[in-house]
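Hi,

Here is the structure I promised to send over. Have a look at it first, and my notes follow underneath.

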There are 2 protein chains.
Amino acid sequence: MTHLLIIGGSDAGISAALRAKELDPNIDVTVVVADSFPNYSICGLPFFLSGEVPDWHDLAHRTEVELKQAGIRLLLDHTAQQIHPTQKIVQLSEPTERSLSFHYDRLIIATGAISARPKIEGLDLPGVYFLRSMMDSFGIYQHLMQENPTSATIIGGGYVGLEMADALHRRGLEVTVVEHSETVLKTVDASMAWLVGAELQRHRVDVVTGVKVETICTCGNKLILTGSSHFQHTTDLVIVATGVEPVTEIAQTARLELGVRGAIRVDRKMETNVSGIYAAGDCAETYHRILDQAVYLPLGTTAHKQGRIAGSNAAGFPQEFAGSLGTQVVKVFDLAIARTGLRDAEAISAGFQPKTVEIEAWDHKTYYPGAHRLHIRLTGDAQTQRLLGAQIVGHHQAEVAKRIDIFATALFHEMTIAQISDLDLSYTPPLSSPWDAVQAASQVWEQSISGFS
Amino acid sequence: MTHLLIIGGSDAGISAALRAKELDPNIDVTVVVADSFPNYSICGLPFFLSGEVPDWHDLAHRTEVELKQAGIRLLLDHTAQQIHPTQKIVQLSEPTERSLSFHYDRLIIATGAISARPKIEGLDLPGVYFLRSMMDSFGIYQHLMQENPTSATIIGGGYVGLEMADALHRRGLEVTVVEHSETVLKTVDASMAWLVGAELQRHRVDVVTGVKVETICTCGNKLILTGSSHFQHTTDLVIVATGVEPVTEIAQTARLELGVRGAIRVDRKMETNVSGIYAAGDCAETYHRILDQAVYLPLGTTAHKQGRIAGSNAAGFPQEFAGSLGTQVVKVFDLAIARTGLRDAEAISAGFQPKTVEIEAWDHKTYYPGAHRLHIRLTGDAQTQRLLGAQIVGHHQAEVAKRIDIFATALFHEMTIAQISDLDLSYTPPLSSPWDAVQAASQVWEQSISGFS
């Protein structure tokens with residue numbers, strides 16, 4: 001019997017386990033989980049803290065019972081200490097701190113990521129929190145319940161930072177977001193990010209950009225932040241959301257090669273440089289389909305896909321990761337903000353000759369009530385006319401997420417922008433237009449390129 | 001100067017005109033419009049009649065002024081009487097019935113379709129209406145205003161029939177739908193159509209299936225319908241919505257060949273058998289991308305695309321129609337019902353070995369409030385594992401329309417169903433799942449095919 005050991009019980013680890021069992025019901029699958037929360041949706045933490053998800057148990061993608069029914073053995077509260085690749089043994093420590101050895105035939109490392117610790121003094125003060133794990137969220141929750149803070153400051157205006165701004169505003173706190181770049185949500189272009197900034201301000205979230213927080217101090221029961229440009233700000237609660245870093249300590253005990261941004265180097269089978277050891281999810285590199293090279297792009301969707309591929313290969317069913325396009329969406333108050341593929345600057349770095357247009361279009365025929373305006377930015381290569389990327393900002397009920405997915409599917413197939421008009425997309429006046437907004441944008445891009453051929 | 005004459009001022013005709021002007025600003029473009037309503041959204045008529053669009057003027061895709069500004073000459077209330085292809089002349093009759101001759105270099109026929117007249121006695125009685133043109137809708141509107149009907153009966157449970165059921169129910173009428181098949185909405189499979197039937201009944205629309213209406217009589221100020229299976233029903237107003245037929249009289253004066261279901265035969269350049277004469281929209285055949293043959297599939301989206309291709313070719317810029325996949329969506333009360341590609345029966349006729357699965361999946365993570373259940377049917381070829389078609393039924397705010405478009409884009413590229421899991425689709429808990437519902441369906445289909453490879 002083949003023994004598959006998986007270190008890590010979040011998205012990638014559990015996806016790998018399920019896929020291996022699906023393909024080979026006889027494989028013996030054990031998942032080592034560092035805490036008591038296997039297969040929890042980390043992406044759901046802001047919605048638990050907002051109160052929209054009252055019971056954190058609901059954040060589990062699957063329950064422990066469901067996982068066991070799928071034939072997966074879970075070792076909860078176990079930590080992997082050391083991998084011995086020659087003997088194919090992993091040293092684990094139990095909750096009681098006792099050590100045990102576990103023999104494997106195939107090993108998948110899915111240790112995920114931890115919050116990045118920016119260079120700010122005072123990160124360990126009471127009232128200063130990161131948000132990455134269930135335990136992190138319990139800490140914040142307890143603070144909210146016991147301390148009754150009336151204001152919160154979020155350091156970092158990325159996905160998690162903005163979701164937390166929305167969440168804490170929903171709880172009635174006065175919220176400030178401090179971002180060191182010139183706009184929040186650096187993952188979209190400035191013109192789109194401004195729309196997001198305006199949405200935050202419309203909900204009275206104070207947005208401070210271009211400021212690098214340097215120090216957090218305690219003064220009475222208040223926290224005082226100071227930073228560049230004479231920034232000074234008093235608050236009750238601080239959330240630090242400045243990105244994540246891959247967790248690779250255990251990988252390094254097996255001398256696995258690290259790659260981009262210190263993530264575990266893998267090939268498209270998600271195999272590391274040591275045969276039979278795979279890595280997947282936020283601890284590993286991600287193959288980018290357009291760039292045709294490894295990047296570090298830790299996302300839940302990617303973790304699921306990579307885990308599934310790793311599980312398939314570990315079970316003896318060769319499969320390659322098709323690659324990421326960096327497709328992402330986030331909801332901030334009433335807006336959905338989505339992107340896929342490359343933006344201008346990224347495309348230039350990759351050697352393309354990008355041309356970008358931005359249009360406004362309606363999600364459906366304006367004569368039918370409730371039409372929402374969509375802002376669409378489209379980037380294509382001026383020479384080959386190939387689609388390179390798209391960004392959409394619009395109301396969260398305007399099918400922004402699945403519209404970006406049309407572009408993502410087009411990108412997957414290296415379509416030209418002109419070909420997008422050839423797509424037979426659905427139409428009814430309450431839900432679309434005869435040329436869907438994604439096609440309207442494509443046609444404007446086409447027109448922007450001089451000379452038709 | 002090249003003279004382009006276009007007969008027909010609805011979707012296909014206007015799209016052709018705009019595209020020709022866009023590609024060659026020097027081309028002389030004239031559009032002959034049989035009525036005074038160029039470029040009106042026929043698909044919007046039910047929403048005018050429901051009261052959701054209070055002013056019918058809003059149904060215009062573009063105003064007359066906008067069309068003139070685009071450099072397009074409109075001959076309103078002009079009817080084409082005869083085409084002389086050898087002399088390249090079209091005989092037109094003016095509103096005053098005077099005849100005039102118009103020379104063309106290129107001609108596009110976009111005469112659209114008219115309502116099919118089923119074999120029912122009494123179709124011309126007062127209170128019995130078809131719904132296809134602006135004038136049709138004015139007739140119904142006037143009847144609603146002046147006669148104050150309290151009940152309406154719709155013959156035909158297709159797209160227009162169900163939209164009118166929704167519309168007239170919204171006006172407070174008691175509505176009955178009579179459909180001769182066993183389910184309404186024959187364009188989707190029975191299990192999906194039943195969900196639609198349940199939605200109609202939930203709104204107290206009476207649905208009568210398996211009945212062929214044979215006679216309509218007047219009795220006092222009531223209309224009495226009789227039909228098969230001893231059907232008898234009294235009502236105030238009848239809408240007949242049993243499909244459409246291509247308008248080809250003018251095409252036949254030029255001896256243009258007709259094809260499938262009497263529609264004008266065209267190649268993929270939308271050119272007829274007479275060089276320099278094109279046809280597009282509901283009067284013409286449609287190339288089906290999966291079947292690789294002509295079908296008759298009159299849809300607004302297709303009319304726009306075909307018109308654009310015809311306009312491009314007529315202006316001297318060769319382009320081929322990429323083909324239809326039969327992608328459609330309709331909103332009926334709170335449901336959106338969408339399809340693309342082939343269903344089992346259609347796939348079998350086309351020589352495939354279809355395998356179909358049906359699943360339920362949520363539009364987004366259930367822990368986030370407001371999740372809606374989606375019903376997805378997926379058809380693939382058991383031998384090649386190629387995706388052949390998809391159907392989705394779900395709440396109209398559950399991104400059903402744009403999810404079917406992901407499948408449509410996948411179909412366009414002849415993806416296998418397994419490859420759909422490779423697509424990098426967007427995810428955030430309020431809008432999706434790490435594996436989007438479309439991927440969840442794909443994975444169930446994969447599992448249903450025995451043996452993994």
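**The sheet in chain B and how the copies meet**

Let me start with one residue pair: His375(B) sits opposite Val393(B), which belongs to S25(B). Bear in mind throughout that this is a predicted model.

Now the strands around that pair. S24 (residues 373-381) and S25 (residues 387-395) of chain B are antiparallel partners, joined over six bridges. They belong to an open sheet of five strands in chain B, ordered S21-S22-S25-S24-S23, with antiparallel pairing. Why do S21 and S23 of chain B each have one side without a neighbour in the sheet? Strand S21 (328-332) and strand S23 (354-362) of chain B are at the edges and have a single partner strand each, so one side of each stays free of a neighbour in the sheet. From one strand to the next, the twist averages 10°.

Two helices pack on this sheet. Helix H5 (residues 159-170) of chain B touches S21 and strand S22 (335-341) of chain B, and its direction is at about 25° to that of S21(B). Helix H6 (residues 190-202) of chain B touches S21, S22, S23, S24 and S25 of chain B; the direction of H6 makes about 155° with that of S24(B).

Then the two chains. A turn of 180° with a shift of 0.0 Å along the axis lays chain B on chain A, with an RMSD of 0.0 Å. That is how a two-fold axis relates copies. As for the interface, 100% of chain B's interface residues are interface residues in chain A too, so the copies meet through the same surface.

Cheers

Terms used:
Residues are numbered from 1 along each chain as its sequence is written. Chains are lettered from A and ligands numbered from 1 in the order in which they are written. This is a predicted model: local features need pLDDT of at least 70, side-chain atom pairs count only at pLDDT 80 or more; totals for chains, interfaces and linings use all residues. Side-chain values use heavy atoms; hydrogens and water are left out. Two strands pair if DSSP finds at least two bridges between them. Helices (H or I, at least four residues) and strands (E, at least two) are DSSP runs, numbered from the N terminus. Axes are lines fitted to C-alpha atoms, for helices over the stretch in contact, and angles run from 0 to 180 degrees between N-to-C directions. Contact means heavy atoms within 4.5 Å. Copies are superposed by least squares on the C-alpha atoms of residues with pLDDT of at least 70 in both.
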